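Thank you all for coming; I would like to take a few minutes on one model, beginning with the overall chain and ending with a single residue. Please have the sequence and the structure open as I talk.

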Amino acid sequence: IYTRKAGRGLLGLTADDVVGMRAETEPYALMVANKIRDKLRATWGLSESGAAGPSGSPYGDLPGHVCLAVAGPDSKTRTLELGLSDRAVNMDLFARQLLRLFHETLSSQSPRSPAQ
């Protein structure tokens, strides 16, 4: 989601949702993960917000900066500074790191009985 219009259309984001927040932070990534989870009525929502490159972001983050979030029964966030300016490489690594965070989150869950 690169624009406010996309945020409104896809997630139903309002101006109130982002008061005091900026993109490319863990709180923002977690808010987006929660919004997508709620919108899709899913158990889990995943989000990343970062500067893939080749340049940094308007917020002053360097290329390779990403904040990851997993929202669900347990929620986790993580910030990574990869230090790379290659956009394609960063996008691949961002996705892999987000899936790794999701796997860690799932692995830390207590097993559920089939009735749950």
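Before anything else, a word that I will use often: a residue is called buried when its relative accessible area is under 20%, exposed when it is over 50%, and partly exposed in between, with a 1.4 Å probe and only protein chains considered. Helices and strands, for their part, are DSSP runs numbered from the N terminus, with H or I over at least four residues for a helix and E over at least two for a strand.

This is a predicted model, in which local features need pLDDT of at least 70 and side-chain atom pairs count only at pLDDT 80 or more, while totals for chains, interfaces and linings use all residues. Residues are numbered from 1 along each chain as its sequence is written, and side-chain values use heavy atoms, with hydrogens and water left out.

Let me start with the chain as a whole. It holds three helices and three strands, and along the sequence these follow the pattern α-α-β-β-β-α. The radius of gyration, taken over C-alpha atoms, is 15 Å, close to the 13 Å that the globule rule (2.2 Å times the number of residues to the power 0.38) gives for 116 residues, so the chain is as compact as a globular protein of that length. Of those 116 residues, 34% count as buried.

Now to the sheet. Two strands are said to pair if DSSP finds at least two bridges between them, and on that basis the three strands form an open sheet in the order β1-β2-β3, with antiparallel pairing. Because β1 (45-51) and β3 (76-81) stand at the edges with a single partner strand each, one side of each is left without a neighbour in the sheet. Seven bridges join β1 to β2, which spans residues 65-71, and six join β2 to β3; the latter two strands form a hairpin with four residues between them.

Two helices pack on this sheet, where contact means heavy atoms within 4.5 Å, and where angles run from 0 to 180 degrees between the N-to-C directions of axes fitted to C-alpha atoms, for helices over the stretch in contact. Helix α2 (residues 26-39) touches β1, β2 and β3, and its direction makes about 40° with that of β2. Helix α3 (residues 87-107) also touches β1, β2 and β3, at about 30° to the direction of β2.

How many residues of β2 are buried? Seven of the seven are, so this strand is largely enclosed by the rest of the structure. Both of its faces are covered, with His 65, Cys 67, Ala 69 and Ala 71 on one side and Val 66, Leu 68 and Val 70 on the other. Strand β1 reads otherwise: Gly 45, Ser 47, Ser 49 and Ala 51 point to one face and are buried, whereas Leu 46, Glu 48 and Gly 50 point to the other and are not.

I will close on Ser 47, which lies in β1 and has Ala 69 of β2 as its bridge partner. Its relative accessibility is 6%, and therefore Ser 47 counts as buried. The side chain of Ser 47 reaches the backbone oxygen of Ala 29 at 3.3 Å. Beyond its neighbours within four places in sequence, Ser 47 is in contact with several residues, including Val 32, Ala 33, Cys 67 and Leu 98.

Methods. Polar contact = N/O pair within 3.5 Å; in protein donor to acceptor, adjacent residues only side chain to side chain.
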